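Thanks for sharing this one. Here are my notes, set out point by point so that you can follow along with the structure open beside you.

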Amino acid sequence: MKKFSATSILCAFLFLQGYAQDGRKVVPFNDNWSFRKGALTTDKNQPDTGWVDVTVPHTWNNKDMQEGKNFYAGEACYRKVFTVDSSLKGKRLFLRFEGVGSVAGLYVNNRLIGEHKGSYSAFCFEITHSVKYGAENTIVVKANNTAREDVLPINHFLFGIFGGIYRPVSLLVTNDINITTTDYASPGIYIRQGEISDKKAAISVTAKIENKQLHHKDVVIQTIIKDHQGKQVAISSKKVNVSPQGINIIHQDLQVGNPHLWNGLKDPYLYSLTTSVVADGKTLDAVTQPLGIRRFEVVPGKGFFLNGKPYIMHGVTRHQEWQDCGNALTNAQHKADLDMIREIGATTIRFAHYQQAEYLYAQCDSMGFVIWAEIPFVNNASGKEGDNAKQQMTELIRQNFNHPAIYVWGLHNEVYAKTPDEHVAVLTRQLNDVAKTEDPDRYTTAVTGYGEMDRPANLAADIQGMNRYYGWYEGKIEDLEGWVKGLEQKYPDYKLMLTEYGADGNINQHTDTLSTNFNPVNGQFFPETYQTATHVKQWAIIEKHPYIAASYLWNTFEFAVPMWNRGGVNARNLKGLITYDRKQKKDAFFWYKANWNPEPMIYIAERRNNIRKQANVKVEVFSNLEKVTLTVNGGAALNARTGANNRDFLFDPIVLKPGDNTITATGIRNGKVFSDTITWQLQASE
């Protein structure tokens with residue numbers, strides 16, 4: 001079995017990172033794990049076999065979860081043997097897990113340290129008193145992804161709960177006076193913003209300090225704000241006599257003059273804020289967090305405002321999984337997803353339906369996405385999940401409190417109550433109270449799958465989110481218009497967001513007519529053509545109604561749904577605009593790119609519907625260019641008529657000749673010509 005020395009890895013890590021030798025050390029703890037499905041062997045007469053070497057992040061469902069309902073849900077174990085050097089005596093040691101699916105038990109040298117319930121939030125346990133110094137130690141993590149009524153989400157229906165240590169693990173080493181690491185695995189400091197303007201920014205910081213010495217100790221709590229170039233712009237120092245009893249909670253106020261505001265994708269300017277504990281001239285501990293100085297506001301009927309100015313919320317949603325990888329993703333994969341979201345021109349992201357990777361939120365801070373974070377209270381309720389829901393809401397907020405990109409905390413998605421006195425409605429009010437107590441400065445939201453404003457489970461939150469699948473699960477595509485107009489008239493003072501909309505689209509299925517004869521639950525024919533038409537028509541409606549403060553298409557990427565068999569692909573939600581393997585972008589992706597991304601582009605739709613049976617056909621082009629024309633087989637340039645809006649260009653009818661036909665669309669921007677070419681083949685009808 002592989003082993004390593006904690007001291008040797010610490011020294012190498014510090015040398016590479018250039019950290020000071022006093023203070024906190026954060027050591028990656030992801031290598032040299034062994035894994036086995038099933039429970040640990042407790043009978044000493046039975047062979048302890050079946051272990052394989054793995055590297056974290058790891059999930060055991062990377063394949064079977066995308067194949068169907070016969071995936072493995074149950075217990076599995078991870079084991080790691082390592083040596084703790086004697087020189088670490090007197091330090092505090094912690095293991096911090098960013099995510100384990102779904103219920104995790106941590107054992108050190110056969111001693112249960114703690115259990116964590118919930119796949120999507122981090123947890124941190126102290127192991128100082130359970131390790132053997134100067135000797136080998138065995139870490140075991142028992143993980144179980146069986147759906148449980150007392151742990152959110154309570155089922156695998158809308159998405160699978162992947163099993164495993166699927167996010168990174170860290171070994172934390174601190175002095176015996178430190179900023180807490182075990183306050184729901186938070187950073188231990190909390191940054192709030194008061195009055196914000198171009199002239200000044202009021203910043204307050206709360207730090208939670210632990211003293212594990214025998215006596216009180218005089219320390220200095222120092223907080224420094226630096227600009228992007230590393231220049232100090234504000235400082236606060238406070239002398240504190242920290243107690244060895246309980247938690248020492250320290251508040252500090254700072255002011256930044258003439259602040260450079262965080263302004264979304266236009267200018268995602270970040271300061272850094274570092275809180276340090278200093279004693280006898282030495283830094284005992286320090287935590288650095290991003291600081292984006294900004295102000296969010298949602299104004300009924302007028303939309304979203306950032307720093308007092310209107311900010312267009314072009315929104316998408318995202319699940320944290322890739323084909324053949326499941327949810328055990330690398331930072332490079334997370335970044336690739338964000339880059340594709342940036343390409344489409346989105347300005348805001350709803351990370352559904354659960355807390356996602358810390359790296360992802362940090363990237364949104366630096367890239368400038370305005371984001372929505374939520375807990376997995378989704379799809380159904382058991383009546384037994386209340387305590388876990390409150391725990392996960394507290395974890396979500398404390399762990400991500402300092403991310404400037406987050407503007408709203410999501411309480412639930414599509415769980416219902418008929419009266420205000422039923423379980424879901426009561427629990428939602430309790431979750432809202434948790435969110436507002438933990439963070440009075442951000443909005444809260446609850447999401448319904450109905451188009452009605454007065455749903456009992458949703459009015460407890462600041463913002464009403466509604467998922468509307470007109471043309472798919474109900475009604476016609478165009479019914480979205482009547483829905484939003486009705487709400488505008490009846491509830492003009494309410495804050496509304498369209499939190500999901502769209503349709504499934506199989507890139508290998510197409511149709512020449514927009515028949516609505518689909519079965520969205522059990523059907524096997526989900527043509528990409530229909531998905532494209534849904535998004536074209538509905539975005540043209542959405543953009544005309546600022547009453548919809550933000551809209552979020554469902555979904556950027558296809559994802560696994562092991563309990564489903566629909567649309568010609570088993571275990572797949574096909575509503576994504578990009579395929580599960582990230583290799584193909586569907587037509588609807590380019591529709592939004594034409595509307596949202598100002599970079600010049602032109603795209604001919606229906607390129608995969610390239611075998612045609614009829615000579616007279618319509619061509620649809622998405623573009624943000626001027627003077628868009630079309631040629632067929634090198635013929636005369638054809639002019640377009642306007643489709644759903646001024647980004648939608650229609651050419652019809654055009655006439656195909658038997659065999660291959662070359663179709664080229666051309667547009668102009670500032671005198672420069674851009675074009676796109678596809679080939680359609682006309683085949684004789686049998």
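1. A word before the details: this is a predicted model. Please read each point below with that in mind.

2. Let's begin with the cavity. The structure holds 1 cavity of 30 Å³ or more, and the space inside the largest cavity comes to about 40 Å³. Its lining is made up of Y120, F159, G160, F162, H319, Q320, E321, N327 and Y354. Sorted by class, that lining has 4 nonpolar, 4 polar and 1 charged residues.

3. Two of the lining residues, Y120 and Y354, deserve a second look. There are 34 aromatic pairs in the structure. In the pair formed by Y120 and Y354, the ring centres are 4.3 Å apart and the planes meet at 10°, so this pair counts as stacked. Which parts of the chain does the pair tie together? Y120 sits in the loop between strand 7 (111-117) and strand 8 (123-126), while Y354 sits in the loop between strand 25 (348-351) and helix 3 (358-367), so the contact ties together parts that are 234 residues apart in sequence. Both tyrosines, Y120 and Y354, are buried.

4. Helix 3 comes after that second loop. Its buried residues include L360, Y361, Q363, C364, D365 and M367. After the helix comes G368, which has a positive phi, near 100°.

5. Other aromatic rings are worth finding too. W472, F518, F525, F526 and Y530 are linked into a cluster by ring pairs. You can also look for charges placed over rings: the charged end of R442 sits over the ring of F401, 5.9 Å from the ring centre. Likewise, the charged end of K575 sits over the ring of Y469, at 5.6 Å from its centre.

6. Now for strand 14, which pairs with strand 15 and with strand 19. Strand 14 (residues 217-226) and strand 15 (residues 232-242) run antiparallel and are paired over 10 bridges; T223 stands opposite S236 of strand 15. The hairpin of these two strands has 5 residues between them, and there G230 takes a positive phi near 90°. Strand 14 also pairs with strand 19 (residues 271-279), again in the antiparallel sense, over 7 bridges. In that pairing K226 stands opposite S272 of strand 19.

7. Staying with strand 15, consider S237, which lies in it. Is S237 buried or partly exposed? With a relative accessible area of 48%, S237 is partly exposed. In sequence S237 is 15 residues from Q222, yet the C-alpha atoms of S237 and Q222 are 4.3 Å apart in space. As a general reminder, side chains in a regular strand alternate between the two faces of the sheet.

8. Finally, there is an open sheet of 3 strands. Its order is 21-22-23, and the pairing is antiparallel. Strand 21 (296-299) and strand 23 (309-310) are the edge strands, each pairing on one side only. Strand 22 (residues 303-306) is joined to strand 23 by 2 bridges, and these strands run antiparallel. Here L306 stands opposite K309 of strand 23.

Key: Residues are numbered from 1 along each chain as its sequence is written. This is a predicted model: local features need pLDDT of at least 70, side-chain atom pairs count only at pLDDT 80 or more; totals for chains, interfaces and linings use all residues. Side-chain values use heavy atoms; hydrogens and water are left out. Two strands pair if DSSP finds at least two bridges between them. Helices (H or I, at least four residues) and strands (E, at least two) are DSSP runs, numbered from the N terminus. On a 1 Å grid over the protein atoms alone, a cavity is a set of points where a 1.4 Å probe fits but cannot get out, and a pocket is an open set with protein on both sides within 12 Å along at least five of seven lines; lining residues have an atom within 4 Å of a point. Grid points are joined across faces, edges and corners, and a volume is the space filled by probe spheres set on the points. Ala, Val, Leu, Ile, Met, Phe, Trp, Tyr, Cys and Pro count as nonpolar, Asp, Glu, Lys and Arg as charged, and the others, Gly among them, as polar. Rings of Phe, Tyr and Trp (its six-membered ring) pair if their centres lie within 6.5 Å; planes under 30 degrees apart count as stacked, over 60 as edge-to-face and the rest as tilted. Buried means under 20% relative accessible area, exposed over 50%, partly exposed in between (1.4 Å probe, protein chains only). A charge sits over a ring if NZ of Lys or CZ of Arg is within 6 Å of the ring centre and within 35 degrees of the ring normal.
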